[in-house]
Amino acid sequence: MRVLHLIPEFVFSNTFHGAYKDVLFRTQWLESHAPACRQIRLRQDDLVELEPILSEFQPTHVLIEYTRFPQITQAVRAALPDAWIGVRSHNIEPLQHLDNLGWWPTRGPLWMLYGMFRLLFQDVAAKRTADAVLSINEWENRIYCNRLPGRARTEWLPYVCPQHLLPPAPQPVADRKVIACLPTSQENRKSRDLVLRFLAFAREMKAQGSQDTFVVTGDLRGWDLPDCPEVTLAGFVENLSELMGRCKAICMLSPLGYGFKTTIADALAANAQVIAPPALIKRSPDLVKPFLIRCDSRRPQDIGRVMQALQLEPRGTDLHQQLCRLAEGVLRRCFAAGVDQATGV
């Protein structure tokens, strides 16, 4: 088996970013199961970056991270008609774009519509060209990927929390007092909504008698947030795994955004609870839903139920291993011939 692994260069710019964490599992898996693997970092959707490689390396399998490279995907199919081609789908790109910026971005609603249609075209091109679209979220397969025209089969390839984010020495659950919100430092409509809801949630929790410590991470300078003495702005946290090991719960309170919130799996792997709104729980994989605490942050009556749920022992400890086994099973099926040869199975 000869594998060509194509990854956008931006993925490697931030080791805490969801895309980096998502790609890391597959990168490490291919390194251990497919010795004849070439990894190429792509700056743009231009075949010029690949031509020197394809002239000397004829892969049997191609894994393309994300649907943002339709020209490269189509050119690889034309150059390698017999190769297996898989494309990772990270979220419903047109709706993610809308949730990030809203209908009235700086450049106006027509620009927003153009961006949404461009992203839809990329998703359709991947479905028509690839052999498989490997979605991060099974819910999105049902309501989006399966309905796109094209030859590719769709399959859920779960996100797996990387090893470097697993707390090496987590606190006992009974001693944990930190409830955290971990937004991206890039301010957009979605991340701002997440933080503002968390501030309101913390105020209400404190008003109802919570003794926990509420923390927001990330470089939020310039966000012009309202004063909230109940919440500590911790800034950039370099040792995120250590923080995860001290968290009683992680709050994902915004209903905005698609794909799968990788922080959910990271928190559950660290034996923390996850508090999420009904819309986000509905869009989560079926395997994950039972471990999430339902909360509409704008309904004060939900807070009491959340406080009761936080007194219970976390139930998501085994989920990390389940996701690992599922993800590895999908990759073994996709790269079946090469894996059998490499491992002797």
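Here are four short exercises with worked solutions on this structure, which is a predicted model.

**Exercise 1. Lay out the sheet**

Work out the order in which the strands of the open sheet lie, and which strands form its edges.

*Solution.* Start with the order: the six strands run β2-β1-β3-β4-β5-β6, with parallel pairing. Next, look for strands that pair on one side only; these edge strands are β2 (37–42) and β6 (153–156). Now check the twist: neighbouring strands are turned by 20° against each other on average, direction ignored. Finally, zoom in on one pair. Strand β1 (residues 3–8) joins β2 through six bridges in the parallel sense, and L6 has I40 of β2 as its bridge partner.

**Exercise 2. Place two helices on the sheet**

Find which strands helices α1 and α3 touch, and how each helix is directed.

*Solution.* Take α1 (residues 18–33) to begin with: this helix packs on the sheet and touches β1, β2, β3 (61–65) and β4 (84–89). The direction of α1 makes about 160° with that of β1. Then turn to α3 (residues 70–79), which also packs on the sheet, in contact with β1, β2, β3 and β4. For α3 the angle is taken with β4, and comes to about 165°.

**Exercise 3. Explore the aromatic rings**

Classify the pair formed by F12 and Y20, decide whether each residue is buried or partly exposed, and then look for other ring contacts.

*Solution.* The ring centres of F12 and Y20 are 6.3 Å apart, and the planes make 75°. Planes over 60 degrees apart count as edge-to-face, so this pair is edge-to-face. Burial comes next, with under 20% relative accessible area as the cut-off for buried. Y20, at 17%, is buried, whereas F12, at 25%, is partly exposed. F12 has a further partner: R41 lies over its face, 3.7 Å from the ring centre. Elsewhere, R38 lies over the face of F57, at 4.7 Å from the ring centre. The structure holds seven aromatic pairs, and ring pairs link W29, W84 and F335 into a cluster.

**Exercise 4. Follow helix α5**

Compare the span of α5 with the expected one, then find what its buried residues pack against.

*Solution.* Helix α5 (residues 109–129) has 21 residues. From first C-alpha to last, α5 reaches 30 Å, close to the 30 Å expected at 1.5 Å a residue. Its buried residues include M112, G115, M116 and L119. An α-helix has 3.6 residues a turn, so residues three or four places apart point the same way. The buried residues of α5 pack against α3, β4, α4 (93–101), β5 (132–135) and β6.

Note on methods: Residues are numbered from 1 along each chain as its sequence is written. This is a predicted model: local features need pLDDT of at least 70, side-chain atom pairs count only at pLDDT 80 or more; totals for chains, interfaces and linings use all residues. Side-chain values use heavy atoms; hydrogens and water are left out. Two strands pair if DSSP finds at least two bridges between them. Helices (H or I, at least four residues) and strands (E, at least two) are DSSP runs, numbered from the N terminus. Axes are lines fitted to C-alpha atoms, for helices over the stretch in contact, and angles run from 0 to 180 degrees between N-to-C directions. Contact means heavy atoms within 4.5 Å. Rings of Phe, Tyr and Trp (its six-membered ring) pair if their centres lie within 6.5 Å; planes under 30 degrees apart count as stacked, over 60 as edge-to-face and the rest as tilted. Buried means under 20% relative accessible area, exposed over 50%, partly exposed in between (1.4 Å probe, protein chains only). A charge sits over a ring if NZ of Lys or CZ of Arg is within 6 Å of the ring centre and within 35 degrees of the ring normal. The expected span of a helix is 1.5 Å times one less than its number of residues.
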